[in-house]
Amino acid sequence: MSDPQEQTDRDEDRGSERARESAAAVTGTAVDDRPRGAQDQDGWVSAAWSPAAVNPPAPRPGGPAVAQLDERSIVRERGDRPSHGWRAGVFRMSRGLVNPGLGDAERARQELLARIRRPLRGAHRIAVASIKGGVGKTTVTACLGLVLSENRGDRVIALDANPDAGTLADRLTAETSVTVRDLLDNITTTRSLTDVARYTSLAGRLQVLASEQDPAASEAFDRDEYERVSAVLTRFYNIVLTDSGTGLVHSAMEGTLALADGLVVVGAPTVDGASRAAKTLDWLVAHGHAEQVEQAIVVLCCDRWSREVDRDRIRDYFAARCRAVVEVPFDAHLATGGRIELPELRPATVDAYLALAAHVADGFR
C-alpha cells in the first residue's frame with residue numbers, strides 16, 4: 001500500500017499537469033514552469049515565463065526603433081471625409097458607406113491649413129507695408145488677420161499704425177471710438193489681457209486696435225510710442241499684425257521695421273503698382289533691411305489689371321527677390337471698401353489668403 005502523502009503528491013502533480021495542458025490549449029503555446037535557466041533532457045535552457053520573456057527589455061541604443069503609440073499608428077485609416085463638390089454629395093447620400101476621398105483642391109486646402117497651424121513659441125510681429133497708397137494694403141492686413149485668427153488656436157491682433165487716420169478698424173469692426181491713443185494714455189496701468197481688451201474691438205476671433213482718427217493727434221504716434229505699444233501687445237498676443245500706413249519714412253514705420261519678424265509688401269499687377277512695390281524693396285535694401293526683403297512675401301492685389309501687362313514677368317521678378325509671391329484675385333465683396341466678412345469672399349480669394357497665411361506661418365521661428 002502506498003503512503004498517503006505520496007498519493008497526495010501524485011494527485012497534485014496530475015492537477016498541475018492538467019492545468020498546464022489547459023493553458024496550452026487556450027493560448028496555443030507550450031507552457032514551461034521550470035525555473036529560469038533549467039535544462040531539459042537534451043541540455044537546452046528553457047526561458048519560458050521568464051521575466052525577459054514576459055517583459056522584453058528596452059532596445060539598446062543603436063538597436064531597432066520601436067514604433068510610437070499615437071493616433072496615426074494605432075487607428076485604422078478611415079479616409080478623409082469630403083466636404084465640397086460631388087464627392088461630398090456621394091458621401092452624404094450613401095450615409096458614409098461610399099467615400100470617394102478628397103479632391104485635389106480640398107486636399108491642397110487642408111495642406112495649407114496644416115501649415116497655417118504651425119506651432120509658434122513666443123510672439124511674432126508681421127509688418128504689412130507699401131510705399132504707395134491705394135494698392136490694398138489695409139485689405140491685405142484685415143484678410144490676413146481674419147484667416148490667421150480663424151484657423152489658429154492662439155491670439156492674433158491687428159494694429160493700425162497709420163499716422164493718417166487709418167481705416168483698418170472701419171474694414172473690420174467699424175469701432176473707432178477707442179484707439180491706440182487711449183491705450184498709450186493708460187499704458188502704465190495696462191498689466192493684463194483684460195486691460196488691453198478695453199482698447200480693442202473684435203472681428204470674429206481677431207482683436208483690432210484702431211488708429212487715432214484725429215490727424216492732428218495721430219501725427220504724434222512716433223517710433224517710441226509704437227515700440228511701447230508693441231511691447232505690451234507681444235506680452236499677451238502670439239501674432240501682431242501691423243498695418244504700417246502709406247510710405248516708409250515716417251517715424252512709426254522705423255519702429256515697425258526694426259521690430260518686425262516678418263514682412264509683407266503689397267503691390268498690384270500694373271505698371272505703377274509693380275514699380276512702386278519694387279521701389280519699396282529697393283528702399284528697404286538701401287536702409288539696411290536686405291535680409292527682411294529676402295524673407296518677405298509680396299502680395300499682388302489684382303483689383304486692377306490689364307491684358308497688356310505681362311503678369312507672369314511681374315510675378316517672376318518678385319519671386320526672384322523675395323521668399324514668395326501671392327496673387328489675390330478681384331473680389332466684388334472687397335471692392336466695395338466696406339466691412340469685410342470672410343464668408344462673403346469668393347473661394348478663390350479665400351484660397352489666396354490661405355496661401356498667404358501659410359507662407360507667413362512658414363516663417364515662424
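Which residue forms a salt bridge with Arg 152, and how far apart are the closest N and O atoms? The partner is Asp 154, at 2.7 Å. That pair opens a set of close-ups, drawn from a predicted model.

**View 1. Arg 152 sits in a loop and pairs with Asp 154.** The loop here runs between helix H6 (137-151) and strand S2 (156-160). Arg 152 has a relative accessible area of 8%, so it counts as buried, the cut-off being under 20%. Asp 154 comes out at 16% and is therefore buried too. So both ends of this salt bridge are tucked away from the surface by that cut-off.

**View 2. Arg 152 also meets a stretch of chain around Arg 118.** A polar atom of the Arg 152 side chain lies 2.8 Å from the backbone oxygen of Arg 118. Leaving aside residues up to four places away in sequence, Arg 152 touches Ile 116, Arg 117, Arg 118, Pro 119 and Leu 120, and its list of contacts also includes Arg 205, Ile 239 and Phe 364.

**View 3. Glu 327 ties strand S8 to helix H15.** Side chains of opposite charge can pair when their charged atoms come close. Here Glu 327 and Arg 311 form a salt bridge, 2.7 Å from N to O. This pair links distant parts of the chain: Glu 327 belongs to strand S8 (residues 324-328) and Arg 311 to helix H15 (residues 311-321), with their positions 16 residues apart. Glu 327 has a second partner in Arg 315, with the closest N and O atoms 2.2 Å apart. That pair again joins helix H15 to strand S8, this time twelve residues apart.

**View 4. The same corner, seen as a network.** Arg 311, Asp 312, Arg 315 and Glu 327 are linked by salt bridges. Three of its members are partly exposed: Glu 327 at 22%, Arg 311 at 25% and Arg 315 at 29%. Across the whole structure, a search turns up 13 salt bridges.

**View 5. Tyr 317 and Phe 318 make the one aromatic pair in the structure.** Their ring centres are 5.1 Å apart and the planes meet at 80 degrees, so the pair is edge-to-face. How buried or exposed is each ring's residue? Tyr 317 is partly exposed at 38% relative accessibility, whereas Phe 318 is buried at 1%.

How values were computed
Residues numbered from 1 in each chain as written. Predicted model: local features only at pLDDT ≥ 70, side-chain atom pairs only at ≥ 80, totals over all residues. Heavy atoms only, no water. Helix = DSSP H or I, 4+ residues; strand = E, 2+ residues; numbered from the N terminus. Buried < 20%, exposed > 50% of the residue type's maximum accessible area, 1.4 Å probe, protein only. Polar contact = N/O pair within 3.5 Å; in protein donor to acceptor, adjacent residues only side chain to side chain. Contact = heavy atoms within 4.5 Å. Phe/Tyr/Trp six-rings, centres within 6.5 Å; stacked < 30°, edge-to-face > 60°. Salt bridge = Lys/Arg side-chain N within 4 Å of Asp/Glu carboxyl O.
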